[in-house]
There are 2 protein chains.
Amino acid sequence: MSKEITSRSEDYSQWYNDIVRKANLADHSAVRGCMVIKPYGFGIWENIKSVLDGMFKETGHVNAYFPLFIPKSFLSKEAEHVEGFAKECAVVTHHRLMNDPNGGGVVVDPSARLEEELIVRPTSETIIWNTYRDWIKSYRDLPLLINQWANVVRWEMRTRLFLRTAEFLWQEGHTAHASSEEAIQETLTILDLYAKFAEEYMAMPVIKGVKSANERFAGAVDTYTIEALMQDSKALQAGTSHFLGQNFAKAFDVKFLNENQKQELVWATSWGVSTRLMGGLIMTHSDDQGLVIPPRLAPTQVVIIPIPKPGPEIDEAADKIMAELKAMGISVKYDTDKKKRPGFKFAEYEMHGIPVRIGIGKRDLEQGMVEIARRDTKEKTQQPLDSAAKYIQQLLEDIQQNLFERAKKFRDDRITKVDDFDQFKEVLNTKGGFISAHWDGTTETEVKIKELTKATIRCIPLDNELEDGKCILTGQPSKQRVLFAKAY
Amino acid sequence: MSKEITSRSEDYSQWYNDIVRKANLADHSAVRGCMVIKPYGFGIWENIKSVLDGMFKETGHVNAYFPLFIPKSFLSKEAEHVEGFAKECAVVTHHRLMNDPNGGGVVVDPSARLEEELIVRPTSETIIWNTYRDWIKSYRDLPLLINQWANVVRWEMRTRLFLRTAEFLWQEGHTAHASSEEAIQETLTILDLYAKFAEEYMAMPVIKGVKSANERFAGAVDTYTIEALMQDSKALQAGTSHFLGQNFAKAFDVKFLNENQKQELVWATSWGVSTRLMGGLIMTHSDDQGLVIPPRLAPTQVVIIPIPKPGPEIDEAADKIMAELKAMGISVKYDTDKKKRPGFKFAEYEMHGIPVRIGIGKRDLEQGMVEIARRDTKEKTQQPLDSAAKYIQQLLEDIQQNLFERAKKFRDDRITKVDDFDQFKEVLNTKGGFISAHWDGTTETEVKIKELTKATIRCIPLDNELEDGKCILTGQPSKQRVLFAKAY
């Protein structure tokens with residue numbers, strides 16, 4: 001079965017597509033740019049959602065739901081926002097179909113043209129801030145800490161499953177505050193939450209930083225980001241948290257009466273992660289045999305395979321392990337399908353990235369032993385049946401940790417300091433990864449570097465040390481290095 | 001605060017709107033027909049989702065996600081389906097906006113017209129069965145038991161929050177089977193699941209039945225329904241489960257190789273409940289003081305109010321009860337806001353339908369007592385602090401049961417047998433509710449009755465007894481009574 005996927009070294013992009021397809025994660029649909037998320041892929045997304053939703057609620061956020069459609073005029077109210085989002089989008093112009101009077105099937109009813117076109121939300125700042133105007137009157141109504149799980153649409157010309165699709169699923173937080181300080185604090189709280197989720201659950205190391213002006217969210221004062229590194233040494237922006245200042249409050253006239261009975265504009269943040277995380281998860285850990293999933297997000301953490309097929313003794317041993325694992329809160333499946341050989345099953349579960357596989361054979365069982373294989377390193381070991389569950393409980397922790405360490409080492413080995421532009425291009429085209437270099441701080445230089453190399457500034461790391469230097473392109477003075485990379 | 005809502009007897013429809021607004025459940029949005037579900041309302045919906053999702057998974061279903069958009073031509077493939085759904089819908093015709101060359105803001109870019117219009121899904125049978133064609137090859141791929149939680153859009157001219165909105169949230173199950181029997185069994189399994197959910201969680205009694213041909217889902221062979229009765233004696237269709245036969249398999253050419261190596265068309269079901277359930281929940285239990293929520297779906301089950309305000313002894317007692325309740329898995333909130341008086345809080349929590357309220361006053365506490373009030377009957381009792389948590393655990397069960405019994409008595413009292421058309425009209429216009437009457441089985445008669453009285457056939461109950469009679473309108477022979485009602 002593993003022969004069916006292209007190796008990373010042969011064609012990384014095809015390898016990714018093969019895994020998404022062969023591990024039953026997602027499919028292209030009949031609608032251009034829109035994907036179907038298959039049950040197995042959706043099971044991973046449900047785990048991602050569930051953990052994040054719990055983290056949002058623990059930090060005082062609540063969920064709500066706002067309309068799918070945004071009146072066209074709303075997009076124009078925030079000047080930068082319209083430039084960023086009112087371009088490639090799905091525009092609803094009519095509200096009725098009718099039978100073609102010429103017998104050509106169903107056609108748009110020209111008499112059902114909307115007075116004002118509706119845009120399928122590419123992001124919801126405008127419709128939400130238009131609503132907040134009614135909800136916020138006084139400082140007592142603040143802060144408002146609301147999140148929404150929703151689908152959004154951005155008309156993309158070149159799409160890739162999970163990484164870039166016209167429709168995608170995401171969460172978008174939209175909070176309102178009485179002060180700038182509090183809003184900035186919220187932005188950073190969420191950035192930390194995202195980083196914690198990425199590292200502790202996805203086992204995906206990330207760099208926290210702030211975006212340059214050129215890479216900022218359209219309408220934000222500051223955009224913070226977590227940046228990860230994929231196995232092809234390209235960066236992936238995995239989540240963003242925006243401090244929006246008073247821009248949207250101004251655009252939608254959202255004011256509150258402060259404690260001194262004075263009207264003030266409300267301060268805002270917004271933040272989101274999307275099904276793009278699925279792409280990051282796949283590309284951080286998977287190998288040439290298929291998907292690798294960190295145990296904490298795996299829909300099935302352990303699979304038991306009878307060798308060569310089920311039977312009374314093997315069933316009994318499997319039942320015992322299953323009962324013990326379930327009591328530990330570990331998800332486990334016993335594959336009793338008699339039509340498939342064990343070797344076929346091994347390959348299938350490897351492809352699907354099940355973290356731990358238990359093989360139970362009659363001969364081993366006579367010695368009181370079972371075989372336990374881990375997906376990440378493919379190591380196998382014989383363990384006593386009686387202590388197998390306990391062994392696995394620890395093993396799942398080890399796998400989670402190992403995946404993170406492995407990805408972190410890979411990433412750390414690919415952060416390279418360079419001090420001139422030739423070296424910059426050299427590293428970019430050979431080793432890739434993040435390049436730490438001085439930049440003069442202007443958008444002009446940033447754009448020029450992008451034109452020349454396709455590399456962009458991924459972020460200015462939050463824990464950056466100040467250091468005098470010279471911009472690699474212009475030689476102008478610089479106070480700190482920033483991280484460049486080619487990115488998804 | 002309760003003065004702010006209109007009483008049911010004065011204006012039932014206004015009473016409903018007042019509750020939705022005053023209990024912070026939902027709001028109209030700036031987009032015609034689309035609602036904003038506010039955090040408190042969404043919290044109830046999250047509980048509904050969570051319980052149903054668990055029930056679907058227990059019965060072997062998995063979740064997936066299909067595109068928001070449906071190519072226009074897909075809707076035409078199933079002849080009846082197109083009649084039912086290709087009428088009032090949101091049509092996407094363009095994929096880009098541009099700056100108006102005449103300076104009129106942002107306008108639709110005429111050069112970005114889609115080759116084929118996309119419809120925002122009103123329901124997903126077509127896009128899903130087009131996908132199933134690729135997923136189903138052999139009997140080994142069946143059954144396919146998939147559910148989707150999604151937003152859908154049906155362009156409604158007259159909307160009411162939760163009950164009828166252009167955009168709403170729902171789940172839609174779409175299953176594929178190797179035989180007619182298995183598909184019918186699935187349809188009924190889901191109908192039972194819906195009825196169980198409605199009665200055991202929503203405390204809303206329902207009648208299970210099958211729809212007449214005229215009320216069937218567009219494209220179904222048979223539509224099963226659960227029908228509830230609201231406090232204004234109008235019926236509410238609360239959930240439907242459809243046996244689709246091979247209609248969609250035929251339309252999208254979905255065949256499987258059976259065990260005898262022969263190609264056969266696949267059998268289908270689909271089924272759904274939506275945010276409309278929120279409307280049913282509100283209208284089944286609430287009263288002139290506000291919302292009433294069954295404990296099993298209440299986001300907050302118990303609220304503790306210090307009288308008149310927090311203080312060391314009261315805080316200590318509250319902490320003790322909270323710890324005990326939380327250990328029992330009961331959600332509880334301690335309202336320590338010093339700016340609001342207890343009377344104001346009482347009214348507020350009454351309006352929001354919190355099932356149980358605990359008042360802790362210093363004087364009562366000296367006697368070791370606290371006051372416990374139940375929302376459903378508004379009865380109050382003094383209970384010892386030490387056994388308060390245990391008392392409340394039982395009380396929540398009692399409230400859940402009482403709400404169901406009360407609603408069931410109300411409903412049962414409003415099922416009236418009538419045997420002629422004058423009596424039919426009389427009952428309909430005075431008492432309302434379900435009218436059990438003979439009908440000749442023709443769509444013609446059904447439509448005629450609807451024209452004359454606005455009553456429709458809600459269902460033919462599954463547990464119907466056969467009984468010879470005469471149609472109330474035509475006098476033609478009939479073998480069984482059916483249930484008529486005016487409905488939402």
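Turn chain B by 180° with 0.0 Å of shift along the axis, and it superposes on chain A with an RMSD of 0.0 Å (a least-squares fit on the C-alpha atoms of residues with pLDDT of at least 70 in both copies). The two copies are thus related as by a two-fold rotation axis. This is a predicted model, where local features need pLDDT of at least 70, side-chain atom pairs count only at pLDDT 80 or more, and totals for chains, interfaces and linings use all residues. Residues are numbered from 1 along each chain as its sequence is written, while chains are lettered from A and ligands numbered from 1 in the order in which they are written.

**The two copies**
- Both copies use the same surface: 100% of the contact residues of chain B recur in chain A (contact puts C-beta atoms, placed from the backbone, within 7 Å).
- Val92(B) is the residue of chain B that comes closest to the rotation axis, with its C-alpha at 2.1 Å.

**A run of strands in chain A**
- Strand 18 (residues 356-361) pairs with strand 19 (residues 369-374) in the antiparallel sense over four bridges (pairing takes at least two DSSP bridges; strands are DSSP E runs of at least two residues, numbered from the N terminus).
- Across that pair, Arg357(A) stands opposite Ala373(A).
- Strand 19 also pairs in the antiparallel sense with strand 20 (residues 380-384), over five bridges, and here Met369(A) stands opposite Pro384(A).
- The hairpin of strands 19 and 20 has five residues between the strands, and Lys378(A) takes a positive phi near 65° there.

**Around Ala198(A)**
- Leaving out residues up to four places away in sequence, Ala198(A) touches Met204(A), Val206(A), Ile226(A), Ala228(A) and Ala238(A).

Notes
Contact = placed C-beta atoms within 7 Å.
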